[in-house]
Amino acid sequence: PAPGQFDADLLRGLDFLLSEMGKRGMRAVVCLGNFWPWSGGMAQYVRWFGGESIPYPPPQPGGSWDAYQKYTARFYSNSRAIEASELLIKTIVMRVNEYTKKRYTDDPTIMAWQLANEPRGIDKTGAFALWIERTASLIKSLDPHHLVTTGSEGETPNPQAAGVDFLANHSFKTIDYATAHIWAQNWGWYDPQNADATYPRAVSKMKAYLADHSKKAVKLGKP
């Protein structure tokens, strides 16, 4: 609800989830932030530390994806915002599960820590790269036992505008594996209102996107 204040019920809920997943032999990738507004995320930190009201994207009336992304990217160069997010990371990573009594750092149910959901550099690519390295290094210093990854969607159809570079963003030694997401409809490859005409092309572009990122992951020497 505020910087440095954490919802005890939500933390216990995460404990319970991990406990139940462990009983079922499931594995969790725990996401520690979000570029998008669905869970508060980076924009909320910017708002807390000097930002004007968050310009939420559609479906907010008059919302603009461009304005929202530029606002959110200010996170990477806001030292107070980053420090507040790192307090959250420390709180989660170093937590002891109330149900299993295990430290998260020792819990094999957790497969990996993900820096954020789909982080983009936008117009702050230099600060973005520094944030990736800094945050991944922090997590590794707290927990050397689990994997760490970026959560990146990859190059996107317009990597320059998104401020992403798949090879560079996953090049740090503290990033253990690469990630990519495919949004065939959001990216205009598939139109559900014209499915028969757009589906074959969408499948082709999706396969090409994944193959391209797989080749680059091989170049990085990472899964």
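**Strand pairing, nonpolar cores and salt bridges**

In this predicted model, leucine 147 is partly exposed, because its relative accessibility of 34% falls between the 20% and 50% limits used for buried and exposed residues. Leucine 147 belongs to strand β3, which spans residues 147–149, and together with Val29 and Met111 it forms a nonpolar patch on the surface, the accessible area of the three amounting to about 220 Å².

The strands that carry these residues are paired with one another. Strands β1 and β2 run parallel and are connected by four bridges, with valine 29 standing opposite alanine 112 of β2. Strand β2 is also joined to β3, again in the parallel sense, through three bridges, and here alanine 112 stands opposite leucine 147. Four of the five residues of β2 are buried, so this strand is largely enclosed by the rest of the structure.

The largest nonpolar core comprises 40 residues, of which Leu32, Phe75, Tyr76, Trp113, Leu115 and Trp131 touch the most other members. At least two residues of this core are supplied by each of the helices α1 (8–23), α2 (41–48), α3 (65–73), α4 (79–93) and α5 (125–142), and likewise by each of the strands β1 (28–31) and β2 (110–114). Another core, of five residues, lies apart from it and includes Ala184, Trp187, Trp189 and Tyr209. Such grouping accords with the general tendency of nonpolar side chains to be buried together in soluble globular proteins. When residues up to four places away in sequence are disregarded, leucine 115 touches, among others, Leu32, Trp131, Ile132, Ile139, Val148 and Ile175.

Two further buried residues illustrate the surroundings of helices α3 and α7. Tyrosine 68, located in helix α3, is buried, with a relative accessibility of 0%. Beyond its neighbours within four places in sequence, tyrosine 68 is in contact with Phe35, Trp36, Pro37, Ala43, Ile54, Pro55, Tyr56 and Pro57, while the C-alpha atoms of tyrosine 68 and proline 58, residues separated by 10 positions in sequence, are 9.6 Å apart. Asparagine 169, in helix α7 (residues 166–169), is likewise buried, at 6% relative accessible area, and its contacts, leaving aside neighbours within four places in sequence, are Phe128, Ile132, Thr150, Val164 and Ile175.

The model contains 13 salt bridges. Aspartate 9 and arginine 12 form one of them, with an N to O distance of 2.5 Å; because they are three residues apart in helix α1, the two are separated by about one helical turn. Aspartate 9 is exposed, at 55% relative accessible area, whereas arginine 12 is partly exposed, at 31%. A second pair consists of glutamate 98 and arginine 95, at 3.4 Å from N to O, in which glutamate 98 is partly exposed, with a relative accessible area of 38%, and arginine 95 is buried, with a value of 14%. Both residues are linked with Asp15 in a network of salt bridges.

Glutamate 155 and lysine 216 also form a salt bridge, their closest N and O atoms lying 3.9 Å apart. This pair links distant parts of the chain, since glutamate 155 is in the loop between β3 and α6 (159–162) and lysine 216 is in helix α8 (residues 195–220), with 61 residues of separation. Glutamate 155 is buried, at 14% relative accessibility, while lysine 216 is partly exposed, at 22%.

Key. Residues numbered from 1 in each chain as written. Predicted model: local features only at pLDDT ≥ 70, side-chain atom pairs only at ≥ 80, totals over all residues. Heavy atoms only, no water. Core = buried A, V, L, I, M, F, W, Y, C linked by side-chain atoms within 4.5 Å. Buried < 20%, exposed > 50% of the residue type's maximum accessible area, 1.4 Å probe, protein only. Contact = heavy atoms within 4.5 Å. Patch = residues over 30% accessible without salt bridge, like charges linked within 9 Å, V, L, I, M, F, W, Y side chains within 5 Å. Areas by Shrake-Rupley, 256 points an atom, 1.4 Å probe, with all protein chains shown as cover. Salt bridge = Lys/Arg side-chain N within 4 Å of Asp/Glu carboxyl O. Pairing = 2+ DSSP bridges.
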